[in-house]
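I opened the notebook to follow up on the internal spaces of this protein. After those I wanted a few single residues and one helix.

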Amino acid sequence: IQVAQANHTGNMGDTIPPMGAMPYNWTLPVAERVKALVSVPVATVGRVVSVEAGEKILEDGAADIIAYGRSLMCDPDIALKAATGEPIRECLNCNKGCVDAIQNRKYISCVLNAENGDEATIAIKPGEGDKKIAVVGGGIAGLEAARVAAKRGYDVTVYEASDHLGGQIVLAAAPPRKDEIMRSVEYYEKILPGLGVKVELNHAATAEDLNAADAAIVAVGAHDVVIPVPGADSDKVVSSWDVLAGKVELAGRVAVIGGGLVGTETAEYLLQHGCEVAIVEMLDKIAAGESETILPLIMSDFAEHNVEQHVKTRLTAITDEGVEAVRTTEDGAEEPVKIACDYVVMAVGSKANAFDLDGVTVPVTCVGDCSGERTADIASAIRTAYHAANEL
Ligand code: SF4
């Protein structure tokens, strides 16, 4: 008997909960009760993310079989790797590439696994001789490029200008319920040393570093942008990235400009830190593009904290009192809006970083956010990196 909960009539978040929505092993208490009543083996499923967590359940005698669902899309070689000790790429429970795709009738493919769904045609190719590869940037794209290049047998060095790996993933992990996304970075921290990848932190790569290799992959990410309205240079304007990185601490009333994914998650972060929040969004919907399994959690958080949601509203100026904007009404007219606030947080998107290639003589491929693909998209970062490293 497999004990699970399934509700295929409504939001699949009830059946396959996203990270932070339900505890780990969330259906196990029911499996245990069933197991106490029957003599046949009982399986449990649901946010048993790691092999270690599964082993513990078996050792405790709480269930007889562990069923892995999403985990097998993220890493289909769990069983082989558990036997050999190779680090396993653990599912984030983000629901982006799997559950969202099911709900939207799209192609299912795990955001972290570039091969998933295309295993018959996409695989890491053997390397072509001995090559040295320089990877510039230790964000998720750079780390995936390093993994694939090293798996091909190449000698890989990752140069990261900051003192830590992860890039924007570290920011993405800051909002409530999101810390599990760090599993993506921890995987590379576990696997890269065993593949012989050298990681140089606090090292901004130079042309000499790149020229010492046979080829380079540049994954220098993106930077956040500001809307150039009057008052945008005011001291009360801060970047959502600085907020999420803990570089600035805000208090009081905050207007978040931009109600996309970063804006809504920054708003939740600010609520958690005691701020009053208003969101200003040009589109007619807050958190467009957010997983349908996560959206209800965000909206209930916003309702509980009385978050003002100004949709179809365009920022026009930042003043001493707050922000000025223009709202488009149902009949297409425009009306002025004033929102009093102590701080204005810009969460209006990001732009690819440029890397100075002056003096670089080896072939260079850009991957991830700096490649001009979609910025702040983990699936795109992984896939551009995987394919570039597989072609070296
Ligand atoms: S898309 Fe996210 S939730 Fe789905 S299998 Fe991949 S890591 Fe897990």
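I began with the ligand, and found that the space it takes is the largest cavity. I noted at once that this is a predicted model.

I asked which residues surround the ligand. I found Arg70, Cys91, Leu92, Asn93 and Cys94 around the ligand, along with Asn95, Gly97, Cys98, Cys110 and Val111. I sorted this shell by type and got 6 nonpolar, 3 polar and 1 charged.

**Cavities**

How many cavities of 30 Å³ or more does a search of the whole structure find? I got 2.

I put the largest cavity at about 80 Å³ of space. I listed its lining as Arg70, Met73, Cys74, Cys91, Leu92, Asn93, Cys94, Gly97, Cys98, Cys110, Val111 and Leu112. I split that lining into 9 nonpolar, 2 polar and 1 charged.

I then turned to the second largest cavity, with a volume of about 40 Å³. I read its lining along the chain: Val49, Ser50, Val51, Tyr68, Ser71, Ile78, Ile88, Arg89, Glu90 and Cys91. I counted 6 nonpolar, 2 polar and 2 charged in this lining. I marked Cys91 in the lining of the second largest cavity, and I had already listed Cys91 in the lining of the largest cavity.

**An open pocket**

I looked up the second largest pocket next and noted a volume of about 300 Å³. I found 23 residues lining this pocket, and the closest to its centre are Ile16, Val45, Gly46, Gly69 and Arg70. I wrote Arg70 down again, as a residue that also surrounds the ligand.

Which helices each supply at least two residues of this pocket lining? I found helix H3 (70-74) and helix H5 (99-103). I credited H3 with the most, at 3 residues. I sorted the whole pocket lining into 14 nonpolar, 7 polar and 2 charged.

**Two arginines with positive phi**

I checked Arg47 and read a phi near 55°, a positive value in a residue other than glycine. I placed Arg47 in the loop between strand S2 (43-45) and helix H2 (51-60). Is Arg47 buried or exposed? I logged Arg47 as buried because its relative accessibility is 5%, and the cut-off for buried is under 20%.

I checked Arg177 too, and its phi is near 70°, again positive in a residue other than glycine. I placed Arg177 in the loop between helix H7 (168-172) and helix H8 (183-194).

**A loop glycine**

I went on to Gly372, in the loop between strand S18 (364-366) and helix H13 (378-390). Why does Gly372 count as exposed? I read its relative accessibility as 62%, so Gly372 counts as exposed; the cut-off for that is over 50%. I also noted the separation between the C-alpha atoms of Gly372 and Lys351, which is 8.4 Å. I see these two residues 21 apart along the chain.

**Helix H6**

I closed with helix H6 (residues 140-151), which has 12 residues. I took its reach from first C-alpha to last as 16 Å, close to the 16 Å expected at 1.5 Å a residue.

How many of the 12 residues of H6 are buried? I got 11, so I entered H6 as mostly covered. I listed the buried residues as Ile140, Ala141, Gly142, Leu143, Glu144, Ala145, Ala146, Arg147, Val148, Ala149 and Ala150. I noted that this buried set includes Glu144 and Arg147.

Terms used:
Residues are numbered from 1 along each chain as its sequence is written. This is a predicted model: local features need pLDDT of at least 70, side-chain atom pairs count only at pLDDT 80 or more; totals for chains, interfaces and linings use all residues. Side-chain values use heavy atoms; hydrogens and water are left out. A residue is near a molecule or strand if one of its heavy atoms lies within 4 Å of it. On a 1 Å grid over the protein atoms alone, a cavity is a set of points where a 1.4 Å probe fits but cannot get out, and a pocket is an open set with protein on both sides within 12 Å along at least five of seven lines; lining residues have an atom within 4 Å of a point. A molecule sits in a cavity or pocket if more than half of its atoms lie within 2 Å of its grid points. Ala, Val, Leu, Ile, Met, Phe, Trp, Tyr, Cys and Pro count as nonpolar, Asp, Glu, Lys and Arg as charged, and the others, Gly among them, as polar. Grid points are joined across faces, edges and corners, and a volume is the space filled by probe spheres set on the points. Helices (H or I, at least four residues) and strands (E, at least two) are DSSP runs, numbered from the N terminus. The expected span of a helix is 1.5 Å times one less than its number of residues. Buried means under 20% relative accessible area, exposed over 50%, partly exposed in between (1.4 Å probe, protein chains only).
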